[in-house]
Amino acid sequence: MPMRADVFTLFPEMVDDYMGRSILGRAVAAGHLDIRSHDLRMATDDVHRTVDDSPFGGGAGMVLMPEPVFAAVEAVSPPRPLILLGPGGRKFDQGVVAELVALDGFSLLCGRYEGVDERIRTDLCDDEVSIGDFVLAGGELAALVVIEAVARLHPGVLGNQESTLDESFGFGLLEHPQYTRPAEFRGLHVPEVLRSGDHGRIARWRRASSLARTLDRRPDLIERRGGLTDEDQALLDEFGPGT
Ligand code: SAH
């Protein structure tokens with residue numbers, strides 16, 4: 001079954017364009033993904049197709065109004081949950097990706113300007129997700145981030161499904177370093193173990209490098225999995241520091 005994701009936005013063409021290219025574009029064409037963008041102005045009836053107004057209480061900028069946004073969502077009855085994209089939401093990570101990939105579909109609502117009327121958040125949307133502690137000009141890039149991260153785990157979307165198993169965050173660790181040809185480049189050598197043909201040793205080296213890299217750059221991830229096991233420590237000892 002295709003993964004369905006509906007996106008409510010003032011700029012549906014941004015979503016359609018991105019979704020038409022590369023791996024995601026091929027997956028859409030092959031019927032693995034069913035991505036539907038909806039124009040938030042679809043249910044407006046004034047000549048200017050107004051969707052925003054200035055905030056009660058004063059202040060800079062414009063806020064998306066409840067009427068047109070509720071009306072657009074109600075006209076479509078999109079798959080739930082309907083997730084608002086916003087800097088105040090729960091932080092998007094591979095755990096949220098796993099939640100979403102397990103569903104038949106979900107929907108995303110992109111804010112713009114100063115954001116959306118609070119009633120859209122509390123009474124129309126089911127959840128709110130932030131892609132990080134920074135402020136974008138609109139939710140479209142965030143929506144594409146969410147869709148891309150979820151879609152690549154959907155069966156059939158990536159050519160080689162195996163490639164998602166041991167990548168970053170898969171086991172709560174960062175991925176091991178990768179090398180391709182040539183074996184030597186400007187005096188920089190590919191680790192000997194990767195050219196040894198000894199698959200058991202290669203697997204252990206990869207695991208050890210994953211652990212070492214995560215310890216170095218993201219000790220919080222090691223902490224979250226409850227520290228190093230005896231087996232982890234043995235692997236690190238086998239390959240030495242700096243693996
Ligand atoms: N005034 C708001 C920011 C509005 S930014 C505030 O201070 O919280 C305009 C829109 O961009 C938001 O409605 C949201 O849809 C999107 N956006 C901005 N930053 C985002 C982030 N970190 N994650 C997800 N969406 C974001």
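Started with D52: it is buried (under 20% relative accessible area, 1.4 Å probe, protein chains only), yet it has no salt bridge, and R41, the nearest side chain of opposite charge, sits 5.3 Å away. For a salt bridge I need a side-chain nitrogen of Lys or Arg within 4 Å of a carboxyl oxygen of Asp or Glu. Charge here means Lys and Arg as positive, Asp and Glu as negative, with His and the chain ends not counted.

Note to self: this is a predicted model, with local features needing pLDDT of at least 70 and side-chain atom pairs pLDDT 80 or more, while totals for chains, interfaces and linings use all residues. Numbering runs from 1 along each chain as its sequence is written, and side-chain values use heavy atoms, without hydrogens or water.

I placed D52 in strand β3, residues 52-53 (strands are DSSP E runs of at least two, helices H or I runs of at least four, numbered from the N terminus). Beyond its neighbours within four places in sequence, I find D52 in contact (heavy atoms within 4.5 Å) with M62, V63, L64, M65 and Y113.

Next, the largest nonpolar core (buried Ala, Val, Leu, Ile, Met, Phe, Trp, Tyr and Cys joined through side-chain atoms within 4.5 Å). M3, L33 and F106 touch the most other members among its 28 residues. Helix α6 gives the largest share, 8 residues.

Last, the ligand. I see its nitrogen atoms at 3.1 Å from a polar backbone atom of I131 and at 3.0 Å from one of G132. An oxygen atom of the ligand lies 3.4 Å from a polar backbone atom of G138.

Notes:
Buried < 20%, exposed > 50% of the residue type's maximum accessible area, 1.4 Å probe, protein only. Polar contact = N/O pair within 3.5 Å; in protein donor to acceptor, adjacent residues only side chain to side chain.
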